[in-house]
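This briefing sets out the strand order, helix packing and burial in the structure shown below. Please read it alongside the sequence and the coordinates.

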Amino acid sequence: TATTAGRITLVTGAARGIGRQIATAFARSGHHVVIGDLPAAADTARAVADGLTGEGLSAGTVDLDVTDEDSVAAAVGRITETVGAPQVLVNNAGISRPAPTLETSLAQWNEVVAVNLTGQFLCARACLPAMRDAGWGRIIGISSFNAKSAPVNGDNASYAASKAGITGLTHNLAVEFGRDGITVNAIAPGIVDTELLRRAHPPQRLAELVDRLPTGRFTLPEEIAATAVFLAGDVAASITGEIVNVNGGLYF
Ligand code: NAD
């Protein structure tokens with residue numbers, strides 16, 4: 001099988017959207033999944049976990065702000081004490097604050113980079129020691145097609161730059177921890193119908209873009225989730241340092 005049952009998997013930003021589907025897919029693959037999200041999303045995160053445990057699956061929640069070093073350390077510490085150290089980390093939490101570059105304040109820029117890039121570093125750094133000690137681990141970052149193209153519009157430099165940074169982080173960690181049985185990859189989703197996307201782009205613009213795709217439809221969160229579960233499996237041990245596009249052919 002593509003996964004080993006019972007592995008402990010932390011998915012950040014999993015109270016809704018793509019992260020929620022990733023958490024669901026891991027739970028259904030037999031993992032114990034921990035839904036990490038901001039304290040403000042605690043009720044939604046709890047509802048997702050309750051839905052999974054209601055299916056007879058194994059799931060819990062943890063309050064987590066990926067931009068806050070202490071919060072990340074506390075969350076990983078709590079998971080480790082209660083169920084064991086995370087063996088799979090899915091760095092999914094992300095935000096988008098589109099604005100023309102000349103109207104982007106340093107604070108807005110820093111906010112996006114803090115969640116999308118620094119957050120992935122902090123969560124990886126917190127989980128890597130136990131993965132290294134165990135001689136096995138999986139880190140899967142969620143990047144974006146925006147890491148290398150801007151087909152929707154050119155008003156999201158902070159987002160594009162933060163997502164491109166994930167490529168460098170992924171390559172470096174893959175080299176640094178490859179001999180420790182840890183693979184590090186990222187998934188670059190295309191156009192996925194979530195709150196983040198709807199808030200970032202006008203519906204008409206999205207419809208035009210989706211119409212241009214070879215597949216002619218939005219990429220489903222479940223399709224991102226299935227890729228993440230595959231990358232976390234033992235069968236994917238030779239895939240590392242890779243950015244996997246799951247985007248309906250968004251190249252044209
Ligand atoms: P979403 O806004 O629906 O969900 C994001 C989740 O992250 C929310 O639950 C939010 O509370 C959480 N979050 C935000 N800041 C956080 C923080 N500091 N700490 C912890 N959690 C935090 O977004 P989504 O569309 O599901 O996006 C998930 C990931 O997929 C993001 O990394 C996003 O950039 C990426 N992505 C999305 C699309 C798309 O089309 N929707 C395309 C490419 C990449």
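Seven strands make up an open sheet ordered β3-β2-β1-β4-β5-β6-β7, with parallel pairing. Its edge strands, each paired on one side only, are β3 (58–63) and β7 (243–246). On average, and with direction ignored, neighbouring strands of this sheet are turned by 20 degrees against each other.

The model is predicted: local features need pLDDT of at least 70 and side-chain atom pairs count only at pLDDT 80 or more, while totals for chains, interfaces and linings use all residues. Residue numbers start from 1 along each chain as its sequence is written.

**Terms**

- Helices (H or I, at least four residues) and strands (E, at least two) are DSSP runs numbered from the N terminus, and two strands pair if DSSP finds at least two bridges between them.
- Axes are lines fitted to C-alpha atoms, for helices over the stretch in contact, and angles run from 0 to 180 degrees between N-to-C directions.

**The β2–β3 side of the sheet**

- Strand β2 (residues 32–37) runs parallel to β3 and is joined to β3 by six bridges; Ile35 stands opposite Thr61 in β3.
- Helix α3 (residues 69–82) packs on the sheet, where it touches β1 (8–12), β2 and β3, and its direction makes about 150 degrees with that of β3; residues count as in contact if their C-beta atoms, placed from the backbone, lie within 7 Å.

**Strand β5 and its link to β4**

- Strand β5 (137–142) is largely enclosed by the rest of the structure, because six of its six residues are buried; buried means that 20 or more other C-beta atoms lie within 10 Å of a residue's own, exposed means 12 or fewer, and partly exposed lies in between, with C-beta atoms placed from the backbone.
- Gly137, Ile139 and Gly141 on one side of β5, and Arg138, Ile140 and Ile142 on the other, are all buried, leaving both faces covered.
- Four bridges pair strand β4 (residues 88–91) with β5 in the parallel sense, and the bridge partner of Asn91 in β5 is Gly141.
- Between β4 and β5 the chain passes through helix α4 (residues 106–134) in a right-handed β-α-β crossover; right-handed means that, with the strands pointing away from the viewer, the path from the first strand over the helix to the second runs clockwise.

**Strand β6 and its neighbours**

- Eight of the eight residues of β6 are buried, so this strand is largely enclosed by the rest of the structure.
- Both faces of β6 are covered, with Ile182, Val184, Ala186 and Ala188 buried on one side and Thr183, Asn185, Ile187 and Pro189 buried on the other.
- Strands β5 and β6 run parallel and are joined by six bridges; Gly141 has Ala186 as its bridge partner in β6, and Ile140 has Asn185.
- The chain goes from β5 through α5 to β6 in a right-handed β-α-β crossover.
- Helix α5 (residues 157–177) lies across β5, β6 (182–189) and β7, running at about 160 degrees to β6.
- Four bridges join β6 to β7 in parallel, and Ala186 stands opposite Ile243 in β7.

**Annotated span**

- UniProt, in an unreviewed entry, places the feature "domain: Ketoreductase" at residues 7–190; positions follow the numbering used here, feature names are shortened, and annotations may be inferred rather than shown by experiment.
- Residues 7–190 are 48% helix and 19% strand, and their end C-alpha atoms lie 28 Å apart.

Terms used
Two residues are in contact if their C-beta atoms, placed from the backbone, lie within 7 Å.
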